[in-house]
Amino acid sequence: MARVSALWIYPVKSCGGIALETVEVLTQGFQGDRQWMIVDADGKFLSQRQYPQLARVKPHITEDNLTLTFDDFSPLKLSPKTVGSLKPVTIWRNQTQALDQGPEAAAWFSEVLQTPCRLVRQSPDHPRPLNPKYALWETQNVSFADGYPVLLTNTASLKLLEEKLGAAVSMNQFRPNLVVETAQPFAEDHWQTVDIGGTTFVTAKPCERCIVITTNQTTGDRHPNQEPLRTLGTFRRTAKGILFGINLMPTSSGKISVGDAVILNPMSS
């Protein structure tokens, strides 16, 4: 039987993640996932695609605050309070309003990236709508994730990739929220829904991978030969891109934990 192998949230988009034993599932994604985002002067999001050193920005949950560390910098403490002046921001084709987190956070990240930037947080008054092509209902929203509430990856898929590459690959390079332990590589291509602990997730679309998966999520270094992206492309390249993992949409709120059984429902033929 398939089981939940790991659960991750990434409080600041494109920065380090936090592995959890239990997560609260919301219809817009895991609670606490990608609530903050770094943007340039024009409000366009910045990510590991341009700045791989963001992998070295590590989040730590301390009491009621989120603390970020980077190399030998003084830690940056963020409050969960959703306050600040509104700033127009852009994530891919989406435009919304986000809450600017002030000059201290802006100065800290500007030093990390060596470029002027701001830190913003999602505004409860300006939700970001999910792609209407895949949304389960008209008002379904999503966090600052690239496009969908939850990203699932499969341990058997990683094992096959490692066999073809002839080297170990860390699952965290794929930055999943939900890792499922199964015996069949890329079985998620054929799933319609995933049931875990009373919560149902509907599959949206496979995840197209980019240069980020070549970044060591501990050091921020890129693989000199663009692995494992290059090897993945030899057997998972499609007209839509190089695929690994699948995007999910929760149908309701709930709670799931590492070790939970996963009920996989295939697409109807």
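This passage describes a four-stranded sheet, the helix packed on it and the cysteines of a predicted model. In this predicted model, local features need pLDDT of at least 70 and side-chain atom pairs count only at pLDDT 80 or more, whereas totals for chains, interfaces and linings use all residues. Residues are numbered from 1 along each chain as its sequence is written, and side-chain values use heavy atoms, with hydrogens and water left out.

An open sheet is formed by 4 strands in the order E5-E11-E10-E9, with antiparallel pairing; strands (E, at least two residues) and helices (H or I, at least four) are DSSP runs numbered from the N terminus, and two strands pair if DSSP finds at least two bridges between them. Strand E5 (36–39) and strand E9 (86–91) lie at the edges with a single partner strand each, so one side of each is left without a neighbour in the sheet. From one strand to the next, the twist averages 50°, where axes are lines fitted to C-alpha atoms, for helices over the stretch in contact, and angles run from 0 to 180 degrees between N-to-C directions. Strand E10 (residues 94–100) is joined to the antiparallel strand E11 (residues 118–122) by 3 bridges, and Leu 99 stands opposite Arg 121 in E11. Helix H1 (residues 103–113) packs on the sheet and touches E5 and E11 (contact means heavy atoms within 4.5 Å), its direction making about 120° with that of E11.

A search of the whole structure finds 0 disulfides, a disulfide being a pair of cysteine sulfur atoms within 2.5 Å. The sulfur of Cys 117 is 9.8 Å from the closest cysteine sulfur, in Cys 15, which is too far for a bond.
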